[in-house]
Every structure is written in C-alpha cells, then in structure tokens.
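Open the model in a viewer and keep the sequence panel at hand. The stops below give a selection and then what is found there.

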Amino acid sequence: RASGAAVFGYVSDRASRRGSAAGRILVLAVTCTFNVPFTFGALYLPVPYAFISMLIAGFAAGFWVPGCIAVVVHVVPAAMRVSAVALFLFVTTITGGNATALEPPLQLIFTAYPENHNVLTLTILYPILTAYAAVLIFITYRNNKNVYKDA
C-alpha cells in the first residue's frame with residue numbers, strides 16, 4: 001500500500017498542480033473505478049489470479065486515505081485542519097472497523113445459496129461498495145469542481 005500511496009500521490013500532485021482540490025478528487029474517483037474489477041477478481045478468479053488481482057487492488061487502495069486527507073487539508077481552513085483530519089480518521093476508523101459487523105446479517109440473507117453465501121456477502125461488502133464509492137466521488141467531483149478550484 002505504501003507504493004500505491006507514493007505512485008498515486010505523485011499522480012494526484014500532478015493533477016492538482018494549479019492548486020485545485022478538484023484534480024485530487026478526480027484522481028480518487030478514477031482510482032476507485034480502476035479498482036472495482038480487481039476487487040471482483042479477488043473474489044471470483046481462481047487462486048493464483050485472485051492473489052494477483054488482490055495485489056493490484058491493494059496497490060490502488062493505498063491511495064484512498066492519503067488522497068482523502070490531502071483533499072481535506074486543501075479544502076478546510078488552516079485553523080481547523082488538525083481537527084478536520086482527526087475527525088476524518090475517526091470516522092473512517094469507526095466505519096471501517098465496524099464494517100465486519102455487517103457480514104453475519106448479510107449471510108442470513110443469502111442462506112438460500114448455501115454453497116456460496118460467503119462470496120455473495122463479500123461481494124456486497126467489497127466490490128459493490130467500492131463501485132458505490134466511485135460513483136459518489138464522481139458525483140462530488142462533477143457537482144463541486146468549480147467550488148474546489150478556489151479552495
């Protein structure tokens with residue numbers, strides 16, 4: 001993940017070289033979209049290819065937290081940056097750490113498919129939520145690209 005953060009951090013810096021957070025948001029959206037097929041591959045490909053797909057997905061996912069922090073730092077006023085980053089890390093830790101609590105209720109929904117209810121549950125929690133995040137980030141970019149140019 002560190003190499004992904006370095007590579008995509010460089011790409012994000014190049015995209016926002018004119019001082020715009022909109023470029024960073026666009027890189028986040030593209031990275032998230034790029035990652036979706038590899039998250040599906042990690043669950044559905046045979047073993048050697050699933051590991052390769054998971055490696056690529058982890059590489060791309062290494063940018064999300066540093067990229068989001070860069071956007072928060074760019075958009076929030078200087079007097080509130082430390083609090084904003086702390087709040088961001090708190091929310092992501094709480095929601096990400098408790099996401100595994102969603103697995104048992106989802107498995108109960110898929111009990112009609114006993115042979116692959118685990119894979120169906122993980123499909124909702126990993127690739128589908130990644131695709132949903134990509135859509136939300138693209139919507140954020142589209143609706144606010146002019147706002148973030150002056151931030």
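**Stop 1: the cysteines**

Select Cys 32 and show its sulfur: the closest cysteine sulfur, in Cys 68, is 8.8 Å away, which is too far for a bond. The model is a predicted one, and the distance can be set against the cut-off used here, by which two cysteine sulfur atoms must be within 2.5 Å to make a disulfide. Cys 68 is accordingly in no disulfide, with the sulfur of Cys 32 as its nearest cysteine sulfur. For the structure as a whole, the number of disulfides is 0.

Now colour by accessibility. Is Cys 32 buried or exposed? Cys 32 counts as buried because its relative accessibility is 3%, under the 20% limit. Cys 68, at 23%, counts as partly exposed.

**Stop 2: an aromatic pair in helix 2**

Next, select the aromatic side chains. How many aromatic pairs does a search of the whole structure find? The search returns 2. One of them is formed by Phe 34 and Phe 38. A pair of aromatic rings is described by the distance of the centres and the angle of the planes. For Phe 34 and Phe 38 the centres are 5.1 Å apart and the planes make an angle of 55°, so the pair is classed as tilted.

Show the backbone as a ribbon. Both residues belong to helix 2 (residues 21–44), and because they are 4 residues apart there, about one helical turn separates Phe 34 from Phe 38. Phe 34 has a relative accessibility of 38% and so counts as partly exposed. Phe 38 is partly exposed too, with a relative accessible area of 22%.

**Stop 3: Phe 59 and Ala 5**

Move on to helix 3 (residues 47–61) and select Phe 59, which is found in it. Add Ala 5 and draw a distance between the C-alpha atoms: they are separated by 7.8 Å, although the two residues are 54 residues apart along the chain. Phe 59 counts as partly exposed, because its relative accessibility is 29%.

**Stop 4: a nonpolar surface patch**

Finally, turn on the molecular surface and select Leu 129, Tyr 132, Val 135, Leu 136 and Ile 139. These residues form a nonpolar patch on the surface, and together they have about 440 Å² of accessible area. Pick out Leu 136 from the patch and return to the ribbon: its place is in helix 7 (residues 117–144). With a relative accessibility of 39%, Leu 136 counts as partly exposed. That value is over the 30% that a residue needs to be part of a patch.

Methods: Residues are numbered from 1 along each chain as its sequence is written. This is a predicted model: local features need pLDDT of at least 70, side-chain atom pairs count only at pLDDT 80 or more; totals for chains, interfaces and linings use all residues. Side-chain values use heavy atoms; hydrogens and water are left out. Patches are made of residues with over 30% relative accessible area and no salt bridge: like charges are joined within 9 Å, nonpolar side chains (Val, Leu, Ile, Met, Phe, Trp, Tyr) within 5 Å. Accessible areas come from the Shrake-Rupley method with a 1.4 Å probe; for residues, only the protein chains shown count as cover. A salt bridge is a side-chain nitrogen of Lys or Arg within 4 Å of a carboxyl oxygen of Asp or Glu. Helices (H or I, at least four residues) and strands (E, at least two) are DSSP runs, numbered from the N terminus. Buried means under 20% relative accessible area, exposed over 50%, partly exposed in between (1.4 Å probe, protein chains only). Rings of Phe, Tyr and Trp (its six-membered ring) pair if their centres lie within 6.5 Å; planes under 30 degrees apart count as stacked, over 60 as edge-to-face and the rest as tilted.
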